Amino acid sequence: MSRGAARRQTAAMASSHPPRVYFVEDSPLVLERLERMAALAGAQCVGHAAGADEAVRGILAAHPDLVFLDLNLAQGTGIDVLRAMCLEAPLIDIYMLSNFAEPAYRQLAERFGARGFFDKTTEIGRVVDLITARATAPH
């Protein structure tokens, strides 16, 4: 690696910050697991919510880099949150997590701006992959 390339890489690493992550999940056990995974991946958890209205307020206040959003919530749905974020904060990267990963739900989430849709049962490890990719991306 040339000196210039090494300097640019070092500068990019120095200017990077831990990804700021917000979770919308109504299961305390799943939330705890997600928060542990995020911490191990180097993220800073900036908030969490169990319902749609609380999530919208919290996301707008916290300005996270990434949001991981459950489809079924204690109050409202993840689609309600996506609709609001599509209008209020379209640049936030939002990923849907659900045990209901049927194509119709995936398409609906995509239509309202989700960057991805993952099955909690088989693809929950993608949370770590996304956080790690965000942490190492140049800013």
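Start by selecting D129: at 48% relative accessibility, D129 counts as partly exposed, because the exposed class only begins over 50%. Keep in mind as you click around that this is a predicted model. D129 lies in helix α7, which covers residues 126-136. Now add A38 to the selection. D129 and A38 are 91 residues apart along the chain, yet their C-alpha atoms are separated by 9.8 Å.

**Zoom out to the whole chain**

Colour by secondary structure and you should be able to pick out seven helices and five strands. Walking from the N terminus, the elements go α-β-α-β-α-β-α-β-α-β-α-α. Of the 139 residues in the chain, 40% are buried. If you switch on contacts with a separation of 6 or more, 66% of them are between residues 24 or more positions apart.

**The sheet**

Hide the helices for a moment. In what order do the five strands sit in the sheet? Reading across, the order is β2-β1-β3-β4-β5, in an open sheet with parallel pairing. β2 and β5 (116-119) are the edge strands, each pairing on one side only. Tilt the view to see the twist, which averages 20° from one strand to the next.

Next, select β1, residues 20-24. This strand is mostly covered, with four of its five residues buried. On one flank, β1 pairs with β2 (residues 44-49) in the parallel sense, over five bridges. β1 also runs parallel to β3, joined to that strand by four bridges. V21 is a handy residue to click here: its bridge partner in β2 is C45, and in β3 its partner is L66.

Step across to β3 and β4, another parallel pairing, this time over five bridges. Here F68 has Y95 in β4 as its bridge partner.

**Bring the helices back**

Show helix α2, residues 28-40, along with β1 and β2: together these three make a right-handed β-α-β unit. Then show α3, which lies across β1, β2 and β3 and runs at about 175° to β1. Finally, return to α7, the helix where D129 lies. α7 packs on the sheet and touches β1, β3, β4 and β5, with its direction at about 165° to that of β3.

**The aromatic rings**

Show the side chains of F23, F68, Y95 and F118, which ring pairs link into a cluster. The structure holds three aromatic pairs. Take F68 and Y95: their ring centres are 5.8 Å apart and their planes are at 25°, so this pair is stacked. F68 is in strand β3 and Y95 in strand β4, so to speak two distant parts of the chain linked across 27 residues. F68 counts as buried at 1% relative accessibility, and Y95 is buried too, with a relative accessible area of 11%.

Keep Y95 selected and look towards F118. Y95 and F118 form another stacked aromatic pair, 5.9 Å centre to centre with 15° between the planes. Y95 lies in strand β4 and F118 in strand β5, so this pair ties together parts that are 23 residues apart in sequence. F118 counts as buried, at 5% relative accessibility.

**The nonpolar cores**

In soluble globular proteins, nonpolar side chains tend to be buried together. To see this in the model, select V24, I59, V67, L69, V81, L82 and M96. In the largest nonpolar core, which has 25 residues, these seven touch the most other members. Which elements each supply at least two residues of this core? They are β1, α3 (52-62), β3 (66-70), α4 (78-88) and β4 (93-98). The largest share, five residues, comes from α3.

Now centre on M96 and display its surroundings. Leaving aside neighbours within four places in sequence, M96 is in contact with L69, D70, L71, G78, I79, L82, A109, G116, F117 and F118. F118 is the residue you met in the stacked pair with Y95.

For the last stop, select V21, L31, M37 and L130. These residues are among the members of a second, separate core of 17 residues. V21 should look familiar, as the β1 residue with C45 as its bridge partner in β2.

Notes
Residues numbered from 1 in each chain as written. Predicted model: local features only at pLDDT ≥ 70, side-chain atom pairs only at ≥ 80, totals over all residues. Heavy atoms only, no water. Core = buried A, V, L, I, M, F, W, Y, C linked by side-chain atoms within 4.5 Å. Buried < 20%, exposed > 50% of the residue type's maximum accessible area, 1.4 Å probe, protein only. Contact = heavy atoms within 4.5 Å. Pairing = 2+ DSSP bridges. Right-handed = clockwise from strand over helix to strand, strands pointing away. Axes fitted to C-alpha atoms, helices over the stretch in contact; angles between N-to-C directions. Phe/Tyr/Trp six-rings, centres within 6.5 Å; stacked < 30°, edge-to-face > 60°.
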